[in-house]
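Open the model in your viewer and keep a selection box handy. The stops below go from one selection to the next.

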Protein chains: 2
Amino acid sequence: MSVSMSAATTPLTNLNPAAATQIAAFPTSLPRPTTSPTRPLSITCSSSTLQTPTSAATDRVFNFAAGPATLPENVLLRAQSELYNWRGSGMSVMEMSHRGKEFLSIIQKAESDLRTLLNIPSEYTVLFLQGGATTQFAAAPLNLCDPSDVVDYIVTGSWGDKAFKEAAKYCNPKSIWSGKSAKYTKIPNFDSLQQTPGAKFLHICANETIHGVEFKTYPTPAGENEVLVADMSSNFCSKPVDVTKFGMIYAGAQKNVGPSGVTIAIVRSDLIGNAQPITPVMLDYKIHADNNSLYNTPPCYGIYMCGLVFEDLVEQGGLAEVEKKNVKKGSLLYDAIDGSKGFFRCPVEKGVRSLMNVPFTLAKPVLEAEFVKEAAKEKMVQLKGHRSVGGMRASIYNAMPLAGVEKLVTFMKDFQARHDHA
Amino acid sequence: MSVSMSAATTPLTNLNPAAATQIAAFPTSLPRPTTSPTRPLSITCSSSTLQTPTSAATDRVFNFAAGPATLPENVLLRAQSELYNWRGSGMSVMEMSHRGKEFLSIIQKAESDLRTLLNIPSEYTVLFLQGGATTQFAAAPLNLCDPSDVVDYIVTGSWGDKAFKEAAKYCNPKSIWSGKSAKYTKIPNFDSLQQTPGAKFLHICANETIHGVEFKTYPTPAGENEVLVADMSSNFCSKPVDVTKFGMIYAGAQKNVGPSGVTIAIVRSDLIGNAQPITPVMLDYKIHADNNSLYNTPPCYGIYMCGLVFEDLVEQGGLAEVEKKNVKKGSLLYDAIDGSKGFFRCPVEKGVRSLMNVPFTLAKPVLEAEFVKEAAKEKMVQLKGHRSVGGMRASIYNAMPLAGVEKLVTFMKDFQARHDHA
């Protein structure tokens, strides 16, 4: 049978042989259904002006956005290949009943892989939620505190500050240290912290996306039963974490582990069950825990995408291996900044510089717009700094390839050579 | 250039010529980017054992699930074709900054098409939210009421009942009519309702998925400034609605308009801005309205999918045309039930039978498991009734093709012929 496909259809560029090869090569660790109504397929194609096998790659930009952010190419290709019909089920993941056996297998595998990656003990509950980390700013105190309870906040950037402010509706939060006067370029010495006696929990934002400040070690709560709570949205699954140090970890997926619309919460199970009476049912951890995140309809496609990412991270060798790659990428970029004799500058204290978000400025700010514009022409996009701080920012999450950072560094050196006449 | 693709790759069955033809044929009403780095593509393929062009269709099941639910095939194929690289942007919709021009174009087009479909006046705000309709059970009273305000609820099924119960945390809800004693098979005569003087709003669930009860007309709130609030999750965009009758309409997308993870709220703008102090920021309509649903990272991919669905509904001729199709499908199924001389039974009062969810039982309940099992073998899945009521349920949302209902009806008649020896 001979088939001709004409292609004014730009979308078909996504379905070229390079993609097909990648799809065929993608590890198929999930069991395939045994009944297959389709006969084996063999196609020989001759093409007059076929795209080169690397064209799928050359179509892609290097996307330095802070979230939503770049995702692993193999994950995207896999999701594409099975969007219409997931593994012989006859339907898309987007169409599945969340209570059917197909989706249950998806969410259970996602949780299982996450537990493997982070070595999550059985005393911790894993929840897949909606509402972003911003909902957790309210949910954490609502679930863990009475209204009169004191909670200590270490504020190292905008996100810790937002969490601190939202908490005021539900508990008695204290900002026991703020980096604001230093323009959010530091993390405190933990021994110097004045923690509040009787505080219910100590809250940190493990990585601040806007200011590029990352905790490399964690403070110990002073109180006997006091727990550490961390917003890990922007460095979740970028490196190993000792979950036992925490009462709760929460993370919006859309930095390192998936698309927007899924928030993961890891909560020590004994902390669940005492939500304040005003807690909306959708913010009550006990409701979600009792129902394995299926109290209502979860964000199914987002959870599926997270599952593909977790599977890929496991196959990379886990978070220790992933951390090595991130250290390499980060070092490359920071060394380029620090070695530029001041042409590029990163204000963050060296010991707490984020491996995920790298803010930098030019000695000549007037050139910043040109820098961003030229980089975009070279297919390096979303380098403009957050609107609240200006300058530039390169977000280099797990899925940013080393090649993207190398290209950026090459561009930076070339840009300097063309503009640095100091 | 000659390319050979070997195919142990079941996923490639999704990328067969039938799909390619459909992709090429899909209306491209959104503007294409003018720069295209890829050259036009022409492929001539000869295949030894190629799947038949209809195999994409035969791979699909007829999915009668109540939500998440079946989606239009052309929408799924379009999403698949552009998942890896959206319209030359070099990235997936899942990777886009929600504040970038590409995603802004997506969300603005989605809102624009929705306003067209429902003829939404400019005095109404459209919000794309997370958290499901279940979050709105709390958010509606939190935003529209003081804690002491009375709110009237008409409870016609499980979902109205859940909304009523959640509201007790945030206002003074009254259930002014409940269909529970009639096993949720009725809707009240509106003239007989005893509405509470001074009630802030009157709440209905426009379509109850579990019990198959649908409002065909709407009650008028008795109070001068009292508004009507409706949960339209399961019949949203299935028929025209006069939005001006409502203070607020909310709907989880995952029945008629998209995947799970997106909730749409249509709120009369003058009602926004008086949320109770305990309202979490993510539940505050003013925060979302002031930020065009971009206060935090929205569920981007879900909004994109809703946009594709809205575009498709516009192209079908709008909701009046869609309603005709739904009436035809519903009539076919209800006539089969009513014409079965009692072998099949639907308990819902005829004037309020849902066009979206059709619950039915067998005169011989012992045969119900066999019915569901045999139907599944015939690729009609998810026909089992909700666990709280048993029996069967066929959800026949917009995207259920007429062919699916026809197949079900044929199957029902055949099943009866084989089992009805009364």
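This tour covers confidence, then the domains of chain A and their interface, then some backbone details.

**Stop 1: confidence**

Remember that this is a predicted model. Colour chain A by pLDDT. Its mean is 89, and 86% of its residues reach 70 or more. Now select residues 1-57 of chain A. Here pLDDT stays under 50. The model still has 134 contacts for this stretch beyond four places in sequence. For the complex, the predictor gives an ipTM of 0.88 and a pTM of 0.88.

**Stop 2: two domains in chain A**

Select 103-313 of chain A and give it one colour; this is domain 1 in the domain assignment. Give 319-419 another colour; this is domain 2. The centres of the two domains, taken over C-alpha atoms, are 28 Å apart.

**Stop 3: where the domains meet**

How many residues of each domain are in contact with the other? In chain A, 23 residues of domain 1 touch 22 residues of domain 2. Between them the two domains bury about 1,900 Å², with 56% of that on carbon and sulfur atoms. Next, select Thr185(A), Ile210(A) and Gly212(A). These three supply 26% of the area that domain 1 of chain A buries against domain 2, more than any other three residues.

**Stop 4: polar links across the interface**

Show the side chains of Lys186(A) and Glu349(A). They form a salt bridge, at 3.1 Å from N to O. The count between domain 1 and domain 2 of chain A is one salt bridge. Across this interface there are also 12 residue pairs in polar contact, counting pairs with both residues at pLDDT 80 or more.

Now look at the domain 1 side of the interface. Select α4 (101-118), β8 (207-208) and β9 (213-214) of chain A; these are the elements that give two or more residues to the side touching domain 2. Colour that side by residue type. Its residues divide into eight nonpolar, nine polar and six charged.

**Stop 5: cis peptide bonds**

Go to Gly67(A) and Pro68(A). The peptide bond joining them is cis, with omega about 0°. Pro68(A) sits in the loop between β3 (62-63) and α3 (73-81) of chain A.

Switch to chain B. The bond from Gly67(B) to Pro68(B) is cis, with omega near -5°. Pro68(B) lies in the loop between β3 (62-63) and α3 (73-81) of chain B.

**Stop 6: a positive phi**

Finish at Lys183(B). What is its phi? The value is near 55°, positive in a residue other than glycine. Lys183(B) is in the loop between β6 (172-178) and β7 (201-205) of chain B.

Key:
Residues numbered from 1 in each chain as written. Chains lettered and ligands numbered in written order. Heavy atoms only, no water. Domains from an automatic or database assignment. Contact = heavy atoms within 4.5 Å. Buried area = accessible area lost by both parts, 1.4 Å probe. Salt bridge = Lys/Arg side-chain N within 4 Å of Asp/Glu carboxyl O. Polar contact = N/O pair within 3.5 Å; in protein donor to acceptor, adjacent residues only side chain to side chain. Helix = DSSP H or I, 4+ residues; strand = E, 2+ residues; numbered from the N terminus. Nonpolar A, V, L, I, M, F, W, Y, C, P; charged D, E, K, R; others polar. pLDDT = per-residue confidence, 0-100.
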